[in-house]
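This report covers a sheet, the helices that pack on it and the nonpolar cores.

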Amino acid sequence: MVGVLSNRVDRDDLKAGDHIYTWRAAYIYAHHGIYAGDGMVIHFTRAAGHEIGTGTFLDWFLYSSSPAATEGPPCQKCGHLVKSDGVITSCLDCFLDGGSLYLFDYAVSPAFFLAKARGGTCTLAASDPSDVVIHRARYLLDNGFGMYSLFKNNCEDFAIYCKTGLLVETAFSVGRSGQLASLTAAFSAVASSPLRFLTTSAGGLAIVTSGMYCVGRYVSDIGVRRDVVKVPVERLVEQNVTWIPQCVATETDIAAGAPQQQLEVPCAVAEEASVIQPAAP
């Protein structure tokens, strides 16, 4: 478990399947990803150099503060691997872009969670085994994670799904992101709490606001929400893809100890056959 004061971690301490992040734009927001081993990171982005976006005028500020991945010569280690958007893979240096490395903590206690005043650093939810985490990340790297959305489907949502397999069912709610949950909790604590009228002193208002903020963060965490379900990555992708060849072991197979690259050759044959032969009526 990472310390309460800081989640900073050394590169040598990383393990494949770790959920890592780095702060951007003077600690305004963090970019998240899954460490895949061998100095590589799988992460979800709106576009090259544009890690987040709102669709509003705020994007000008956010983009100007994001790393410009398209400027300068391509990285010798990962430049040939980087896609323009979606789920991409890059080396750890390009992912950090000069920032510090932090480790997202899982299965923390409620006291530890509330002690971390800023969201997007830990969750009460437990992580699945690292081989399952890597399988999900690599599967989404090949098949996509849907459309990017700051409020519903961002880089932190991607990393949390890879670690837990949990998705939010409710249509009108913040996604899995702790950063957005904290922002929502802060706004609710200040603007919508009727309890703020029960005190006129500055100290009393601070206590009420802090209490509402903590409650809002806690009930929004993926580890305690009631509107989440466990969804295998293959089923998640099938919602956007009509046919998926069984070229690798499924998430269930990985959890049972099957090798990730089984059926690789039969998959190529099946994929070719699916293109040549028309589907049966």
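## Sheet

V41 has S90, in β4, as its bridge partner. β3 and β4 are antiparallel and joined by six bridges; strands count as paired if DSSP finds at least two bridges between them. The model is predicted: local features need pLDDT of at least 70 and side-chain atom pairs pLDDT 80 or more, while totals for chains, interfaces and linings use all residues. Residues are numbered from 1 along each chain as its sequence is written, and side-chain values use heavy atoms, without hydrogens and water.

The open sheet has five strands in the order β4-β3-β2-β1-β5, paired antiparallel. Because β4 (86-91) and β5 (102-103) are at the edges with a single partner strand each, one side of each has no neighbour in the sheet. Strands (E, at least two residues) and helices (H or I, at least four) are DSSP runs numbered from the N terminus.

## Helices on the sheet

α4 packs on the sheet and touches β2, β3 and β4, contact being heavy atoms within 4.5 Å. The direction of α4 makes about 105 degrees with that of β2. α5 lies across β1 (19-24), β2, β3 and β4, at about 35 degrees to β2. Axes are lines fitted to C-alpha atoms, for helices over the stretch in contact, with angles from 0 to 180 degrees between N-to-C directions.

## Cores

The largest nonpolar core (buried Ala, Val, Leu, Ile, Met, Phe, Trp, Tyr and Cys joined through side-chain atoms within 4.5 Å; buried is under 20% relative accessible area, 1.4 Å probe, protein chains only) has 23 residues. α4 (130-143) is one of the elements giving two or more residues to this core, and α4 gives the most, six.

F158 is among the residues with the most contacts inside this core. Among the residues that F158 touches, not counting those up to four places away in sequence, are I34, V87, L140 and F145.

Notes. Buried < 20%, exposed > 50% of the residue type's maximum accessible area, 1.4 Å probe, protein only.
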